[in-house]
Amino acid sequence: MNAEDSAATRGDAKGRVWLITGASSGFGRAIASAALAAGDTVVATARRPEALDDLVAAYPDRAVALQLDVTDTARTAAVVADAVLWYGRIDVLVNNAGMGLVGAVEETSDRELRDLMDLHFFGPAALVRAVLPHMRRNGSGAVVQMSSMGGRFTFPGVGAYSATKFALEGLSEALAGEVAPHGIKVLIVEPGSFRTGFAGAAPCGSPRRFRPTRRPWARSEAPSPVRTASRRATRTRQPRPS
């Protein structure tokens, strides 16, 4: 279903309504597929939405693919507004879009660090701000923040990547306490090693930079990312007592 066709079906959402970023591959694609298989409605976003054509074709009445670069806050607001216009609500926001950056802190440029922070921190924060008023109005909702084991600890070579995930998790822990009284849950998912193709997606001429929607430290064999991520997501990170 394209954006124009979706307008004709607004209010006809089946199951829960998911808004998923970075849905063209990796965890985002797996989560979108699982939600659709469960009978839910999915607004799947990607920088190249044509990568989702097969998913939309398989579920033409419950899937819509939209172009979104999460660092574009104006576009973010428009996507959220469209989803609410078409379906009346957003039940689950999955902030999944991401990118790896491997290299020593000293060799990481200011531009690289700012770009990564825009993608992993400021972009998700803007989406949360755009979605929360609608969830609060409905008295329910869930925000799923796809972090990483790099949001728990770090080691040489991934300082920039971990810094952005640490920031996302700090924001999310505080957010969980702020929105709980409104019936909204915040889940932090911290995947470790999964077979996602992340490490093989570096563009030519840029050995340290990996493309969005993947997860780091991939290995040849791993359990289902959706099942494992879902189990980890049930451990909602609450603010620590003062």
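**Helix α4 against helix α5**

Me: Is the crossing in which α4 passes α5 left-handed or right-handed?

Reply: α4 passes α5 in a right-handed crossing (the near helix is turned clockwise from the far one by less than a right angle; anticlockwise would be left-handed). The model is predicted, so local features need pLDDT of at least 70 and side-chain atom pairs 80 or more, while totals for chains, interfaces and linings use all residues. Residues are numbered from 1 along each chain as its sequence is written, and side-chain values use heavy atoms, without hydrogens and water.

Me: At what angle do the axes of α4 and α5 cross?

Reply: Two packed helices are described by the angle and the distance between their axes. Here the axes of α4 (residues 73-87) and α5 (residues 110-138) cross at roughly 25° and come within 8 Å (axes are lines fitted to C-alpha atoms over the stretch in contact, with angles from 0 to 180 degrees between N-to-C directions). α4 is therefore roughly parallel to α5 (an angle under 35 degrees).

Me: Which residues make the contact?

Reply: α4 supplies Thr 73, Thr 76, Val 80 and Val 84. From α5 come Ala 126, Leu 127, Ala 130, Val 131, His 134 and Arg 137 (contact means heavy atoms within 4.5 Å).

Me: Where do these helices sit in the order of elements?

Reply: From the N terminus on, the protein chain runs α-β-α-β-α-β-α-β-α-β-α-β-α. That order holds 7 helices and 6 strands (DSSP runs: H or I, at least four residues, for helices; E, at least two, for strands).

Me: How much of the protein chain is buried?

Reply: Of its 242 residues, 50% count as buried (under 20% relative accessible area, 1.4 Å probe, protein chains only).

Notes. Parallel < 35°, antiparallel > 145°, perpendicular 65-115°, else oblique.
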